[in-house]
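Visitor: I would like to learn how to read a structure like this one. Please show it to me first.

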Amino acid sequence: MSDQTVQLILDNLWPLLKAAVTVTIPLTLVSFVLGLVVALVVALMRLSPVRAVSGAARAYVSVIRGTPLLLQLFIIFYGLPALGVTFEPFPAAVIAFTLNVGGYAAEVIRSAILAVPKGQWEAASTVGMDYLTTLRRVVLPQATRTAIPPLSNTLISLVKDTSLASTIQVTELLRVAQEAAAPTYQFFAMYSVAAVYYWVICLGLSALQTRLEERQNRYVAR
Amino acid sequence: MTDPTQPGQYGHSGQPGHPEQPPSVHETPGHPLVAVTGLAKSFGDHEVLTSIDFEVHAGSVTVLIGPSGSGKTTVLRSLNTLETPDGGVVRIGEVEVDFSGPAPKGSARKKQLAALRDQSGMVFQSHNLFPHMTVLQNVIEGPTVVQRRPREEVMGEARRLLDLVGLAEKADQYPYQLSGGQQQRVGIARALALRPKLMLFDEPTSALDPELVGEVLHVMKDLASQGWTMVVVTHEIRFAQQVADQVLFMDGGVIVERGTPGEVLANPRTERARQFLQRILDPL
């Protein structure tokens, strides 16, 4: 490696880290949390006995899963202005990723809820709980345990998917790396640094997943 | 305290909040605690219950026996609104719900059903304890979260109940750490903690290893002798003989025979009941 390349890497370690910490990670976390809220609502709608409600949820999941994430981003950022709705890059990315996570995680949450035995709903009913209390106190705590591994997958995918936001002018990790590399065509060096950063974020999240799983398993026979 | 002829101590003994005593019941003659008339239920085309009538007097134990599929569990579940009957009237204490004719709209019906459900506590065949809560949390969940009673008071009561079922030292364990019989006894404590007027047991020993059955039946026997009103679905004929005041033999969705254990169990009048008891007492 030439001294010039080493210097470029050293000069950009901090700007790339800053982009990761101030844009990539917040974009991931905000979208994920909002996405989970959407997903929970969609999952409960899918479980509704009312046909129209479950049908609407099913259609939503189908559209989200059946179209490219990049296209979803483009429609919100480049497409909606045609209808008079304009977003700044960062909010546009949050909306797109939230809706996307909402679709995927809805299926995870739905199956996790279905995995809770019917007897738990009945026991909750006999101690006097209504639907929402049953969800909050009995069903969701148990469904969480089932849902943590697949939701961790969703989250880790999302970390890397946020790189797509570089295409709608969000100055996240990948975009900062691109901009640093462009003047001198040092793409290999800069993309490698960005890759390492993504990887480290995902390592941290994997460790978090392990800890959460251990915590959740405290009440299960091994 | 355990004089079964005096079930009404609770609430006027100067010691309210002692759940090991059943709730006070003022029963006027001819006005039993539970009255079921014309109870009917179908699942699709299959009629599981056809016009079930029975009464349960305060402080008495009613045992439902009969072959599987005879509808006895559905009767029990109807009392707790886990099943919604298609017809008939169910009254427990002051709460009466008429299931025949059009149901009141939406939330009015919901309120009705909730009021009826609150009259009874339920013990399931497969305990259905909340696995993510400790034993103590299981017992206090209903009283604190649903009934919103003061936590301190509920905790004390829950510990006394666990003591009553012989599990005081297991309070902080999770259900998976207990044996089947212990889990079932926690289930009983959880139901008692709701301070119901009526205790329902749905085959509480059927899922247990044979050597664990006794500990559960013992607790139930204790409750009966303390004056709790109980309706029990079971195949434990000896329990019925010793504890029941009334035995109902069901088959094909109707009550075929009813009476004291001496009548129904010792001297069944119908061939169906005779055959059933024969098969249970001497399966070979």
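Visitor: How many residues does each of chain A and chain B bring to the contact?

Guide: This is a predicted model, in which local features need pLDDT of at least 70 and side-chain atom pairs count only at pLDDT 80 or more, while totals for chains, interfaces and linings use all residues. Residues are numbered from 1 along each chain as its sequence is written, and chains are lettered from A and ligands numbered from 1 in the order in which they are written. Two residues are in contact if their C-beta atoms, placed from the backbone, lie within 7 Å. Here chain B brings 21 residues and chain A brings 17 residues.

Visitor: Which element gives the most to the side of chain B that touches chain A?

Guide: Helices (H or I, at least four residues) and strands (E, at least two) are DSSP runs, numbered from the N terminus. On that side of chain B, strand S6 (120-123) and helix H3 (135-146) each supply at least two residues. H3(B) gives the most, with four residues.

Visitor: How is the packing of two helices described?

Guide: Two packed helices are described by the angle between their axes and the distance between the axes. Axes are lines fitted to C-alpha atoms, for helices over the stretch in contact, and angles run from 0 to 180 degrees between N-to-C directions. In chain B, helix H5 (residues 180-192) and helix H6 (residues 210-225) pack at an angle of about 20°, and their axes are 8 Å apart. H5(B) and H6(B) are therefore roughly parallel to each other (angles under 35 degrees count as such).

Visitor: Which residues of H5(B) and H6(B) make the contact?

Guide: H5(B) contributes Gly180(B), Gly181(B), Gln184(B), Arg185(B) and Ile188(B), and H6(B) contributes Leu212(B), Glu215(B), Val216(B) and Val219(B).

Visitor: Where in chain B is there a hairpin?

Guide: Two strands pair if DSSP finds at least two bridges between them. Strand S9 (residues 246-251) of chain B pairs with strand S10 (residues 254-259) of chain B in the antiparallel sense, over five bridges. S9(B) and S10(B) form a hairpin with two residues between them. Gly252(B), in the turn, has a positive phi of about 60°. The bridge partner of Asp251(B) in S10(B) is Val254(B).

Visitor: How many helices and strands does chain A have?

Guide: Chain A has eight helices and zero strands. Its C-alpha atoms fill a box of roughly 70 × 50 × 25 Å, taken along the principal axes. Of the 222 residues of chain A, 35% count as buried (20 or more other C-beta atoms within 10 Å of the residue's own, with C-beta atoms placed from the backbone).

Terms used. Parallel < 35°, antiparallel > 145°, perpendicular 65-115°, else oblique. Buried ≥ 20, exposed ≤ 12 C-beta atoms within 10 Å, placed from the backbone.
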